[in-house]
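This report describes the fold of a single chain, from its overall arrangement to selected residues. Please read it alongside the sequence and the structure displayed here.

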Amino acid sequence: MRMAIKKGAHSVYEIHYHLVMPVKYRKVLLGEKVEEHFVWVCKEIEKRYGIEFERIGADKNHVHILCSAAPKYSPSEIIKIIKSITAREIFKKFPEIRKVLWGGEFWSEGKYVGTVGEGGNKGVIERYIERQGSTPKEVQLTFWK
């Protein structure tokens, strides 16, 4: 499935990033309500900054994001925008979280950024992100019957 080429004021682009952002100290803080609020805040970021969130998935202590943004934003700038705004808004909505994170920061300094090609791996990354937080079915492998 090929995504539409996007147009900016002075550019035409087709850039997709796979971002992974861990919670500070890898604390398990991304429960259902925090995750819902995170997604809502990302939708607000999308309106203001033009960063298109294609998929978001959380798994207890980190989030995966598949997004697209104009080339005016470097991957580091995109992560900085997302981390700073979501942290501020999560602390506002859930002040009790601040007590668990004694350093006053929600996100770890660590991150993963990967570019996602339109060819084959974009669909694979989308499915992987959609499955974040779900428990995989355990399958017992047998070699002999």
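## Burial and the central strand

A residue is called buried when its relative accessible area is under 20%, exposed when it is over 50%, and partly exposed in between. The model discussed here is predicted. By this criterion strand 3 is mostly covered, with 7 of its 7 residues buried.

In a regular strand the side chains alternate between the two faces of the sheet. In strand 3, H16, H18, V20 and P22 point one way, while Y17, L19 and M21 point the other way, and all are buried.

## Overall architecture

The chain contains 4 helices and 6 strands, and along the sequence these follow the pattern β-β-β-α-β-β-α-α-β-α. Of the 145 residues in the chain, 41% are buried. Among contacts with a separation of 6 or more, 73% are between residues 24 or more positions apart.

## The sheet

Four of the strands are arranged in an open sheet with the order 4-5-3-6 and antiparallel pairing. Strand 4 and strand 6 occupy the edges; each has a single partner strand, so one side of each has no neighbour in the sheet. From one strand to the next, the twist averages 15°. Helix 1 packs on this sheet and touches strand 3, strand 4 and strand 5, its direction making about 170° with that of strand 4.

The pairings can be followed across the sheet. Strand 4 and strand 5 are antiparallel and pair over 6 bridges, and R55 has L66 of strand 5 as its bridge partner. Strand 5 is also joined to strand 3 in the antiparallel sense, by 7 bridges; here L66 is the bridge partner of H18. L66 therefore appears as a bridge partner both of R55 and of H18, as befits a residue of strand 5 in the strand order 4-5-3-6. Strand 3 in turn pairs with strand 6 over 4 bridges, again antiparallel, and Y17 has T115 of strand 6 as its bridge partner.

## The nonpolar core

The largest nonpolar core has 32 residues, of which F38, I51, I65, I78, I97 and F106 touch the most other members. At least two residues each come from strand 3 (16-22), helix 1 (32-49), strand 4 (52-58), strand 5 (62-68) and helix 2 (75-93). Helix 2 provides the largest share, 8 residues.

I97 illustrates how this core is connected. Apart from neighbours within four places in sequence, I97 is in contact with L29, V34, I90, F91 and F106. F106 is itself listed with I97 among the core residues that touch the most other members.

## Helix 2

Helix 2 comprises 19 residues and spans 27 Å from its first C-alpha to its last, close to the 27 Å expected at 1.5 Å a residue. Its buried residues are I78, I79, I81, I82, K83, I85, T86, A87, E89, I90 and F91. These pack against strand 3, helix 1, strand 4, strand 5, helix 3 (96-100) and strand 6 (112-115).

R88 also belongs to helix 2, but R88 is partly exposed, with a relative accessible area of 46%. R88 and F106 are 18 residues apart in sequence, and their C-alpha atoms lie 8.4 Å apart in space.

## A buried serine in strand 5

What is the relative accessible area of S68? S68, located in strand 5, has a value of 1% and is therefore classed as buried, since the cut-off is under 20%. The S68 side chain reaches the backbone oxygen of I15 at 2.8 Å. Leaving aside neighbours within four places in sequence, S68 contacts K6, Y13, I15, H16, G50, I51, E52 and E54.

## Positive phi in two loops

Two residues other than glycine are noted for their backbone geometry. Y25, in the loop between strand 3 and helix 1, has a positive phi of about 60°. With 39% relative accessibility, Y25 is partly exposed.

K60 is placed in the loop between strand 4 and strand 5, and its phi is near 65°, also positive. The relative accessible area of K60 is 48%, so K60 counts as partly exposed.

Terms used. Residues are numbered from 1 along each chain as its sequence is written. This is a predicted model: local features need pLDDT of at least 70, side-chain atom pairs count only at pLDDT 80 or more; totals for chains, interfaces and linings use all residues. Side-chain values use heavy atoms; hydrogens and water are left out. A nonpolar core is a set of buried Ala, Val, Leu, Ile, Met, Phe, Trp, Tyr and Cys residues joined through side-chain atoms within 4.5 Å. Buried means under 20% relative accessible area, exposed over 50%, partly exposed in between (1.4 Å probe, protein chains only). Contact means heavy atoms within 4.5 Å. The expected span of a helix is 1.5 Å times one less than its number of residues. A polar contact is a pair of N or O atoms within 3.5 Å; within protein, one must be able to donate a hydrogen and the other to accept it, and residues adjacent in sequence count only if both atoms are side-chain atoms. Two strands pair if DSSP finds at least two bridges between them. Axes are lines fitted to C-alpha atoms, for helices over the stretch in contact, and angles run from 0 to 180 degrees between N-to-C directions.
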